[in-house]
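Here is a short, friendly tour of a protein chain for someone who likes to work with coordinates. Have the viewer open beside the text as you read.

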Amino acid sequence: MAKDYKILLATHPILRQQAKPVIAVDAEIQELMQDMTRIMVRENGVGLAAPQIGVSKRVVTIDVRFVKKDLPNMFCMANPEILWASEEKSIEKEYCFSVPEIGVAIERPSEIKIRYLDEHGAYQEFHTTGILARCFQHELDHLEGIATVDYLSPLKRSLAIKRIQCLERANRQEETSGAQPLFSR
Ligand code: ZN
């Protein structure tokens, strides 16, 4: 049966550490990829990294239906790595399940080439630009323990972290009182 995961906030220790490499894309990893895809679609997200649901493994899922029709619907990736990034950069505001309501403008390479293991354990390479390139880089950051708030100036970052800690406390209190959590993502 599929496990029920909860999306963690960026202040959680699992989201502040480097995720562990996947040794082999076995049944356990495939089930994790399926669970992540289900959660991502349920929450209307475009990408999810395993540490966001409390699993410290280098697994990322990305829903590309919103970008291009000629691509596979979902990317399920283990051990993704950036092989090449363009010198040309662009800035866009990014939102994240683990950083509720706070959009952060982030400068990133506009074009990247990545390599990963797919859901069958085969190496794939993929070259992409624009919003998809940004989405990959955002999810890869999660595997390094980096969140969008880390791109803010020190003052803004500490304010954002305080806000997330407040949400975390509110969630805990709601949970212990048995009520529905205020924010579960
Ligand atoms: Zn995120």
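The report below moves from the overall fold to the cores and then to single residues.

## The chain as a whole

Please keep in mind that this is a predicted model. The protein chain contains three helices and seven strands. Following the sequence, these elements come in the order α-β-β-β-β-β-β-β-α-α.

How does the radius of gyration compare with that of a compact globule? For 185 residues, a compact globule would have a radius of gyration near 16 Å, and the protein chain agrees because its own value is 16 Å. Along the principal axes, the C-alpha trace spans about 45 × 40 × 30 Å.

Buried residues account for 45% of the 185 residues. If you look at contacts between residues at least 6 apart in sequence, 62% of them join residues at least 24 apart. The surface that the protein chain exposes comes to about 10000 Å², and carbon and sulfur atoms supply 52% of that area. As for charge, there are 24 positive and 26 negative side chains. The centres of these two sets lie 6 Å apart.

## Two nonpolar cores

The largest nonpolar core has 19 residues, and the members that touch the most other members are L32, M36, L48, I53 and V59. Two elements give two or more residues to this core: α1, which covers 27-42, and β3, which covers 74-85. Helix α1 supplies the largest share, with six residues.

I53 is a good place to zoom in. Setting aside residues up to four places away in sequence, I53 touches Y5, K6, I7 and L8, and also L32, M36, I39 and L48. Among these partners, L32, M36 and L48 are themselves on the list of members that touch the most others.

A second core, separate from this one, has 16 residues, and V64, F75, M77 and I114 are among them.

M77 deserves a closer look. M77 sits in strand β3, and this residue counts as buried because its relative accessible area is 0%. Which residues does M77 contact, leaving aside its neighbours within four places in sequence? The partners are M33, R58, V59, V60, I62, I114, Y116, L117 and F136. One of them, I114, is also a member of the second core, while V59 belongs to the largest core. In contrast to these contacts, S98 lies 20 Å from M77, C-alpha to C-alpha, with their positions 21 residues apart in sequence.

## Two positive phi angles

Most residues other than glycine have a negative phi. Two residues are worth checking with this in mind. N44 has a positive phi of about 60 degrees, although it is not a glycine. N44 is placed in the loop that leads from α1 to β1 (47-49). E101 is also not a glycine, and its phi is positive at about 70 degrees. E101 belongs to strand β5, residues 99-109.

## Accessibility side by side

Here are the relative accessible areas of several residues, including the two just described.

| Residue | Relative accessible area | Class |
|---|---|---|
| N44 | 71% | exposed |
| E101 | 54% | exposed |
| Q165 | 34% | partly exposed |
| D141 | 12% | buried |
| V149 | 1% | buried |

## Toward the end of the chain

D141 is part of helix α2, residues 130-143. D141 counts as buried because its relative accessibility is 12%, below the 20% cut-off. Beyond residues up to four places away in sequence, D141 touches R108, I146 and Y151.

V149 is found in the loop between α2 and α3. Leaving aside neighbours within four places in sequence, V149 is in contact with V99 and V104, and with R157, A160, I161 and I164. How far is V149 from I106, C-alpha to C-alpha? The separation is 9.6 Å, and the two residues are 43 residues apart along the chain.

Q165 lies in helix α3, residues 154-176. Q165 and A10 are 155 residues apart along the chain, and their C-alpha atoms are separated by 9.1 Å.

Methods. Residues are numbered from 1 along each chain as its sequence is written. This is a predicted model: local features need pLDDT of at least 70, side-chain atom pairs count only at pLDDT 80 or more; totals for chains, interfaces and linings use all residues. Side-chain values use heavy atoms; hydrogens and water are left out. A nonpolar core is a set of buried Ala, Val, Leu, Ile, Met, Phe, Trp, Tyr and Cys residues joined through side-chain atoms within 4.5 Å. Buried means under 20% relative accessible area, exposed over 50%, partly exposed in between (1.4 Å probe, protein chains only). Helices (H or I, at least four residues) and strands (E, at least two) are DSSP runs, numbered from the N terminus. Contact means heavy atoms within 4.5 Å. The radius of gyration is taken over C-alpha atoms; the globule rule is 2.2 Å times the number of residues to the power 0.38. Accessible areas come from the Shrake-Rupley method with a 1.4 Å probe; for residues, only the protein chains shown count as cover. Lys and Arg count as positive and Asp and Glu as negative; His and the chain ends are not counted. The place of a charge is taken as NZ of Lys, CZ of Arg, CG of Asp or CD of Glu.
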